[in-house]
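Here is a walk through one model, written for someone who likes cut-offs spelled out. Have a look at the sequence and the coordinates first.

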Amino acid sequence: MKKIYKENRVIFILGIITIVCIIISTALLFKYFYFGNGQTKYGDRLDEIENIPISDTFKEEFISKLKENKLVKDAEILVTGKIIYITLKFADNVSLVEAQSIALASVEQFSDEEKSVYDLSFTLIEEESENNEGFTIMGAMNAGRPKIEWNNNNPVTSEATEESE
């Protein structure tokens, strides 16, 4: 055994170094990818919401105030991280402008601190009926921004596609 070691000493030393490197690499991979780095999946991005939480009582009051409006059929609020998802379902014959103004008025229920920390995401829904086409539109208000940006969900009609050709 001593003879083999003396003849191949460099190979043995390189082998030991290789095995040690593999063990260290495997340990580090497990530490960072399997066990994580000890933080939540959001890192420190949500630290400021600990000081400004959205309570369950606020959610209930928010929904009840929205439902006081006879045009609002149903309302839901969901807080996930720094995003507040608000879904409003409207009664028949509510115009899109009225629905957007109700959503905009609901923003006033949040304090300035809450509006500076949380993003608001709105989904406005009116079911299709015999009298109207209904709508589904989404809007977002980023933290610290003063207004809601609405998406453009106008359906493309066959007339509009023929004109563009």
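What follows goes from the overall fold to the core, a hairpin, a surface patch and the salt bridges.

First, the ground rules. This is a predicted model, so to speak of local features takes a pLDDT of at least 70 and side-chain atom pairs count only at pLDDT 80 or more, while totals for chains, interfaces and linings use all residues. Residues are numbered from 1 along each chain as its sequence is written, and side-chain values use heavy atoms, with hydrogens and water left out.

**Overall fold**

The protein has 6 helices and 5 strands, where helices (H or I, at least four residues) and strands (E, at least two) are DSSP runs numbered from the N terminus. Along the sequence they come in the order α-α-α-β-β-α-α-β-β-β-α. Of the 165 residues, 25% are buried; buried means under 20% relative accessible area, exposed means over 50%, and partly exposed is in between (1.4 Å probe, protein chains only). Take the contacts (heavy atoms within 4.5 Å) between residues at least 6 apart in sequence: 55% of them join residues at least 24 apart. The accessible surface comes to about 12,300 Å², with 55% of it on carbon and sulfur atoms; areas are from the Shrake-Rupley method with a 1.4 Å probe, and for residues only the protein chains shown count as cover.

**The core and its hairpin**

A nonpolar core here is a set of buried Ala, Val, Leu, Ile, Met, Phe, Trp, Tyr and Cys residues joined through side-chain atoms within 4.5 Å. The largest one has 30 residues, and Ile84, Ile86, Leu88, Phe90, Phe110 and Leu124 touch the most other members. Two or more residues each come from helices H3 (56-68) and H4 (96-106) and from strands S1 (72-80), S2 (83-90), S3 (119-126) and S4 (135-141).

What does Leu88 touch beyond its neighbours within four places in sequence? Its contacts there are Leu66, Asp74, Ala75, Ala103, Thr123, Leu124 and Ile125. Ala75 also stands opposite Leu88 in S2. S1 and S2 pair in the antiparallel sense over 8 bridges (DSSP has to find at least two bridges between strands for them to pair). Their hairpin leaves 2 residues between the strands, and Gly81 takes a positive phi near 65 degrees.

**A nonpolar patch**

Over on the surface, Ile4, Tyr5, Val10, Phe12, Ile13, Leu14 and Ile17 make a nonpolar patch of about 660 Å². Patches are made of residues with over 30% relative accessible area and no salt bridge, with like charges joined within 9 Å and nonpolar side chains (Val, Leu, Ile, Met, Phe, Trp, Tyr) within 5 Å. Helices H1 (2-7) and H2 (9-34) each supply at least two of the residues, and H2 gives the most, with 5. Ile13, which lies in H2, is partly exposed at 41% relative accessibility.

**Salt bridges**

The structure holds 4 salt bridges, each a side-chain nitrogen of Lys or Arg within 4 Å of a carboxyl oxygen of Asp or Glu. Among them are these:

| Pair | Closest N to O |
|---|---|
| Lys59 and Asp56 | 3.7 Å |
| Asp74 and Lys67 | 3.5 Å |
| Glu149 and Lys147 | 3.8 Å |

Lys59 and Asp56 are 3 residues apart in H3, so about one helical turn separates them. Asp56 is exposed at 52% relative accessibility. Asp74, also a contact of Leu88, is partly exposed at 26%, and its partner Lys67 is partly exposed at 41%. Glu149 is partly exposed too, with 48%.
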